[in-house]
There are 2 protein chains.
Amino acid sequence: MGEFDLIERHFKRPARRAALGIGDDCALLQPAPGTQWAISSDMLVEGHHFLSTVDPFKLGHKALAVNLSDLAACGAKPVAFTLALALPRADEAWLAPFSKGLLALADHHRCELVGGDTTQGPLNICITVFGEVPVVGGRSQALLRSGARAGDDIYVSGTVGDARLALEVFRGTVSVPAPVFDAARLRMEQPTPRVALGLALRGVATSAIDISDGLLGDLGHILKQSGVGATVEVATVVNLIAALASYTGSRGSFDAEIPAQDWQRWALSGGDDYELLFTAPVAHRAAVAQAAEQSQTPVTRIGQIEAHRGLRLVDAQGQAVANNFTSFDHFA
Amino acid sequence: MGEFDLIERHFKRPARRAALGIGDDCALLQPAPGTQWAISSDMLVEGHHFLSTVDPFKLGHKALAVNLSDLAACGAKPVAFTLALALPRADEAWLAPFSKGLLALADHHRCELVGGDTTQGPLNICITVFGEVPVVGGRSQALLRSGARAGDDIYVSGTVGDARLALEVFRGTVSVPAPVFDAARLRMEQPTPRVALGLALRGVATSAIDISDGLLGDLGHILKQSGVGATVEVATVVNLIAALASYTGSRGSFDAEIPAQDWQRWALSGGDDYELLFTAPVAHRAAVAQAAEQSQTPVTRIGQIEAHRGLRLVDAQGQAVANNFTSFDHFA
C-alpha cells in the first residue's frame with residue numbers, strides 16, 4: 001500500500017471546522033473573530049518518550065494528549081492539529097490502532113486533524129496543535145507563565161509521580177504489586193489533558209504551565225518568567241501520587257522497600273504528568289474551587305509564591321527540606 | 001549544555017509578529033482581519049530526505065524551504081513556523097550552522113519561528129508553517145488543487161530534474177562534469193520556494209501544487225481533484241533541466257552516456273524540485289507572464305488540461321509517448 005493510500009485509509013475524514021482539510025498543499029482554517037491562536041508542537045521519539053512495546057492505540061492517545069496539555073496550560077480551546085509521522089514501514093497493524101487512539105481523543109475534544117506528512121524513518125510522531133483564546137477589550141485571555149505574583153497560592157491538578165513510578169517498574173529498578181503498577185501505567189500511557197480546567201481557569205489563575213519535565217522544574221519556569229520565588233510543601237505533593245495509598249495499603253505500611261526519597265523524587269521531578277501547575281491570588285480560592293468543580297478536575301494547593309527569589313521546600317512542620325530534585329532534560 | 005540553554009542560544013529571538021513567541025507552553029498569534037490561515041507540516045528524515053553528509057546550513061535552509069513551498073502553492077503569505085527537532089546529541093557544531101541557514105531563509109520571507117520542541121533521537125526535522133490568505137467577499141483567494149478546467153494551460157516554474165540528477169550522482173549511478181554537478185547539487189540542497197510567484201498567481205491561476213514527489217505525480221493530484229485530464233509535452237519539460245544544457249555543452253553533444261530516458265525520468269518524476277505546477281485559462285496568458293515578471297520567476301507552458309480523463313504525454317511532433325514514469329512514494 002502506498003503512502004497516499006495509507007493516509008486516506010486511516011486519517012482522512014470530511015473537513016468539519018476546516019475550510020479545507022487533508023489533501024491539498026495546505027489546510028485552510030478560518031479563525032473565529034476576536035480570538036488569538038495558541039500553537040504548540042511536540043515530538044515523540046521511540047525509546048525516549050515511549051517504549052517500543054507500547055500499545056499503538058495508547059500511543060495515539062498520548063501523542064495528542066501531550067499537545068492538548070499545552071493548550072490547556074494556556075487556557076486555549078482545541079481547534080485543529082497536524083500530524084507528521086515517520087514510520088519504519090507502512091504497517092497496517094500498527095497504523096489502524098494508532099489512528100483510532102489518536103482520533104478518539106481528537107473527537108472528544110472536537111480537535112480536527114487537518115493535515116500532515118507521512119514518511120519512512122525511525123518511529124517519530126510530531127503533532128502541532130492549534131487552539132483559540134478570546135481577546136477581550138484588546139487583552140488576550142491566555143494563561144501565561146509570566147503572571148505569578150508574590151502571595152499567590154500554587155496549585156496542581158490531579159495526581160503526580162505515577163508516570164515515573166511506572167517507568168521505574170519498566171526499568172526494573174523497583175517492583176510494586178500488579179494493581180498498583182496497572183494504575184500507574186495508565187497514567188504513564190494515557191495521560192488526561194486538563195483542557196476543561198485550563199478553560200475554567202481563564203480570568204482566575206495568574207499563571208499556568210503543564211507538568212511535562214517534572215513539577216519543580218516546570219514551577220521553575222513560572223518563577224523565572226514571573227520574577228518571583230516560592231515555597232512548596234513536599235508532603236502535600238508526595239501525597240498526590242495515586243499509587244502511594246494503594247501501595248502502602250497493600251503492604252500495611254509505608255515500608256522501607258521503596259525509600260521515602262524515591263517517592264519524593266517521583267512526585268517532585270518525575271515528569272510526564274501532564275497536570276496543570278498554576279497560581280492564583282488568595283482572594284480567588286473560591287473561584288479556583290469552582291473551576292475545579294466545573295471541570296470535574298481535582299486541584300490541590302501545594303505552596304505559595306513569594307517575592308524572595310528561589311525555590312524553597314518545607315516539610316509538614318514548615319522545616320526546610322534540601323532541594324536535590326533536578327528537572328528532566330532530554331539531553332542530560 | 002542543557003536542552004533549554006540550547007534552544008535559547010540558537011533559536012530564541014524577540015517576538016515580532018507573534019503576540020508571544022518561544023518560551024511558553026504555546027505561542028500566541030493574532031490573525032489579521034479578513035484572512036484565512038494556510039497550514040502545512042513536513043518532516044525530514046536523515047537518509048530519506050537528506051544525506052548525513054549535508055552541510056547543516058543548507059539543511060536548515062531546505063527544511064524551511066519545503067514548507068514555504070507548500071504555502072507558495074496555496075498563494076499564502078508566510079507568517080510563522082514551529083520547529084520540532086530530534087537530534088542524536090546536543091551538538092553545537094551542527095546546531096549553530098543549522099539555525100543560521102534556517103533563520104536566514106525565515107528572515108528573507110519574514111516568517112517568524114514561534115515555538116517548537118527539541119529532543120534526543122535519530123535526526124528528524126519537523127516544521128509546521130503558517131501563512132495568510134485573504135478572504136474577499138466571503139471567498140478565499142487560496143490556490144487549490146481542485147480548480148483546473150478543461151482548456152487551461154499547464155505551467156511549471158523554474159527548472160526541474162536537477163535535484164534528481166544530483167541524487168543519482170551521489171548514488172554513483174551516473175557521473176557528470178564537476179560544474180554540472182555543482183549546479184544540480186545546489187538545486188537539491190537549497191531549493192528556492194516560489195513564494196512571490198504563488199502570491200502573484202492569486203486570481204490568475206485556477207489550480208496549483210508544488211512539485212515534491214515528481215512533476216507527473218503531482219500533476220496527477222491536480223487532475224484527480226479537479227476531475228480532468230491533461231496532455232504534457234515531454235521535450236518541453238526535459239529542456240527545463242538546468243544541467244542539461246551545460247552537460248551537452250561540456251560534451252559537445254547530447255551523447256548516449258546518459259540515455260535520453262534518464263533525463264526524461266528525472267524531469268518528469270524525479271521529485272524534490274519545489275517548483276510550482278499550475279494551471280490558468282488561455283485568456284490569462286498575459287496575466288501569467290506578468291506574474292512571472294513581477295515575481296522574477298521564469299515560468300514555462302508545458303501542456304493543456306482536457307476534459308478527457310487521464311494523463312497523456314506527447315513528443316515535439318505531437319506523437320504519443322508511453323508514460324512509464326511513476327511518482328515518488330516514501331514507502332514504495
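What follows is a short chat about how the two chains of this predicted model fit together and how their parts are named.

Student: How do you know that chain A and chain B are related as by a two-fold rotation axis?

Tutor: Superposing chain A on chain B takes a rotation of 180° with 0.0 Å of shift along its axis, and the RMSD is 0.0 Å. The two copies are thus related as by a two-fold rotation axis.

Student: What makes you say the copies meet through the same surface?

Tutor: Look at the overlap: 100% of the interface residues of chain A are also interface residues in chain B, so the copies meet through the same surface. In the contact, 54 residues of chain A face 54 residues of chain B. Being in contact here means that C-beta atoms, placed from the backbone, lie within 7 Å.

Student: Which strand gives the most to the side of chain A that touches chain B?

Tutor: That's S2(A), with nine residues. By class, this side of chain A has 28 nonpolar, 17 polar and nine charged residues.

Student: Why are S1(A) and S2 of chain B called paired strands?

Tutor: Pairing asks for at least two bridges between the strands. Three bridges join S1(A) to strand S2 (residues 35-45) of chain B, and the two run antiparallel, so they count as a pair. Within that match, Leu29(A) sits opposite Trp37(B) in S2(B).

Student: What makes S8 and S13 of chain B edge strands?

Tutor: The open sheet of chain B has seven strands in the order S8-S10-S7-S11-S9-S12-S13, with mixed pairing. Strands S8 (207-210) and S13 (320-321) of chain B each have a single partner strand, so one side of each is left without a neighbour in the sheet.

Student: How do you know that S7 and S10 of chain B pair?

Tutor: Same test: four bridges join strand S7 (residues 153-157) of chain B to strand S10 (residues 276-280) of chain B, and the cut-off is at least two, so they pair, running antiparallel. Asp153(B), for one, stands opposite Ala280(B) in S10(B). Helix H2 (residues 56-74) of chain B packs on this sheet, touching S8 and S10 of chain B, and its direction makes about 175° with that of S8(B).

Student: Where do the two domains of chain A lie, and how many residues does each give to their contact?

Tutor: Domain 1 covers 3-140 and domain 2 covers 153-321. Each domain of chain A puts 18 residues into the contact. On the domain 1 side, H2(A) supplies the largest share, twelve residues.

Key:
Residues numbered from 1 in each chain as written. Chains lettered and ligands numbered in written order. Predicted model: local features only at pLDDT ≥ 70, side-chain atom pairs only at ≥ 80, totals over all residues. Least-squares fit on C-alpha atoms with pLDDT ≥ 70 in both. Domains from an automatic or database assignment. Nonpolar A, V, L, I, M, F, W, Y, C, P; charged D, E, K, R; others polar. Axes fitted to C-alpha atoms, helices over the stretch in contact; angles between N-to-C directions.
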